[in-house]
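Welcome, and thanks for taking a look at this one with me. Please have the sequence and the 3D view open as you read, so that you can click along with each point.

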Amino acid sequence: MKKEVILVLLILLIILVGCGSEKAPESTTPFLGGTTGLLMDFEEDMPPKEVYDGGEFPFEVVVKLKNEGEWDILASEVEVRISGVDPAEFSLQPTDLVKHPGEDLTGTYKDAEGNVIDGTITYVNFPGFNYAATLIGNLQFPIRADVCYRYGTKTLSKLCVRRDLTDTSEGSLCQVTGDKNVFSSRAPLQITNLRESVRGKDIVGFTFKIEHKG
């Protein structure tokens with residue numbers, strides 16, 4: 001009589017985020033906004049909720065990835081790792097549980113008409129799972145998937161530069177010292193609280209915060 005192996009699913013998302021970059025000043029945001037980066041989930045029934053022992057029930061694990069942020073990711077910069085089980089018990093080698101997606105993941109963005117173009121959806125397959133031993137009772141295994149990837153944040157703001165930085169008279173085109181509007185692309189790291197100040201007759205400075213909000 002075959003015994004059932006119950007697979008308990010658990011997902012953990014690990015985010016590695018790179019530095020941001022500046023764009024030419026605009027008065028409104030060109031970004032979608034938000035704090036989402038790469039989303040991950042198991043494809044339905046991959047792994048199945050129940051399998052059998054004895055090496056007669058091969059199955060595969062499929063991880064679905066979707067780039068919902070506004071940063072393109074190279075396939076070589078994404079690593080998906082399966083853990084929670086001993087690969088030898090499922091007829092696998094440790095190297096079989098670490099893979100990269102087969103394609104680059106383009107980010108989500110707005111086109112020139114303001115339409116939202118969805119980011120890449122791709123699947124990472126881990127075939128060859130097969131529990132060969134014989135069980136004397138039902139057993140649970142926590143199948144877990146982790147994804148590590150490099151990501152970036154694009155930031156846009158408008159600074160003030162004047163011929164005489166010390167002139168604070170009213171009616172000027174812009175004021176150097178003060179808080180500035182800042183727009184960040186959709187990503188787990190956000191640039192906030194941008195402030196410009198006068199550091200000398202011909203020197204300006206600015207400070208900002210980097211916050212992990214994803």
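In this predicted model, strands E14, E16 and E17 make up an open, antiparallel sheet in that order. E14 and E17 are its edge strands, each pairing on one side only, and from one strand to the next the twist averages 25°. A second open sheet, also of three strands, has the order E4-E6-E11 with antiparallel pairing. A disulfide and a nonpolar core are covered below as well.

**The E14-E16-E17 sheet**

- E14 and E16 run antiparallel and are joined by three bridges.
- Two residue pairs show you where to look: Asp179 has Arg195 in E16 as its bridge partner, and Lys180 is partnered by Leu194 of E16.
- On the other side, nine bridges link E16 (residues 189–200) to the antiparallel strand E17 (residues 203–212).
- E16 and E17 form a hairpin, with two residues between the strands.
- Within this pairing, Val198 stands opposite Val204 of E17.
- As general background, the strands of a sheet pair through backbone hydrogen bonds, in either a parallel or an antiparallel way.

**Ser197, a residue in E16**

- Ser197 sits in strand E16, and its side chain makes a polar contact of 3.1 Å with the side chain of Arg199.
- Beyond the residues up to four places away in sequence, Ser197 touches Val176, Thr177, Ile203, Val204 and Gly205.

**The disulfide**

- Which cysteines are joined by a disulfide? They are Cys160 and Cys174, with an S to S distance of 1.9 Å, and this is the one disulfide that the structure holds.
- Both cysteines lie in the loop between strand E13 (154–157) and strand E14 (178–180), so the bond ties together parts that are 14 residues apart in sequence.
- The torsion about the S-S bond is about 70°, so the disulfide between Cys160 and Cys174 is right-handed.
- Is Cys160 buried or exposed? Cys160 counts as buried, because its relative accessibility is 1% and the cut-off for buried is under 20%.
- Cys174 is partly exposed, with a relative accessible area of 26%.
- Cys148 is likewise partly exposed, and its relative accessible area is 26%.

**The E4-E6-E11 sheet**

- Here the edge strands are E4 and E11, each pairing on one side only.
- The twist in this sheet averages 20° from one strand to the next.
- E4 and E6 run antiparallel, and five bridges join them.
- One place to check by eye is Asp41, whose bridge partner in E6 is Lys64.

**The largest nonpolar core**

- The largest nonpolar core has 29 residues, and those touching the most other members are Val63, Leu65, Val78, Ile82 and Phe129.
- At least two core residues come from each of strand E4 (38–42), strand E6 (59–67), E7, strand E11 (121–129) and strand E12 (139–151).
- Which strand gives the largest share of this core? That strand is E12, with six residues.
- Val63 has contacts well worth displaying: leaving aside neighbours within four places in sequence, Val63 is in contact with Met40, Asp41, Phe42, Val80, Ile82, Thr122, Tyr123, Val124, Phe126 and Ala145.

**Asn67, a buried polar side chain**

- Asn67 belongs to strand E6 and is buried, with a relative accessible area of 0%.
- What does the side chain of Asn67 join through a polar contact? The partner is the side chain of Tyr151, at 2.6 Å.
- With neighbours within four places in sequence set aside, the residues in contact with Asn67 include Gly37, Leu38, Asp72, Ile73, Leu105, Thr106 and Tyr151.
- Others in contact with Asn67 are Gly107, Thr108, Gly119 and Thr120.

**Thr95, a loop residue**

- Thr95 is in the loop between strand E7 (78–83) and strand E8 (98–99).
- Thr95 counts as exposed, because its relative accessibility is 63% and the cut-off for exposed is over 50%.
- From C-alpha to C-alpha, Thr95 and Arg81 are 9.5 Å apart in space, and they are 14 residues apart in sequence.

Notes:
Residues numbered from 1 in each chain as written. Predicted model: local features only at pLDDT ≥ 70, side-chain atom pairs only at ≥ 80, totals over all residues. Heavy atoms only, no water. Disulfide = S-S within 2.5 Å. Helix = DSSP H or I, 4+ residues; strand = E, 2+ residues; numbered from the N terminus. Buried < 20%, exposed > 50% of the residue type's maximum accessible area, 1.4 Å probe, protein only. Core = buried A, V, L, I, M, F, W, Y, C linked by side-chain atoms within 4.5 Å. Contact = heavy atoms within 4.5 Å. Polar contact = N/O pair within 3.5 Å; in protein donor to acceptor, adjacent residues only side chain to side chain. Pairing = 2+ DSSP bridges. Axes fitted to C-alpha atoms, helices over the stretch in contact; angles between N-to-C directions.
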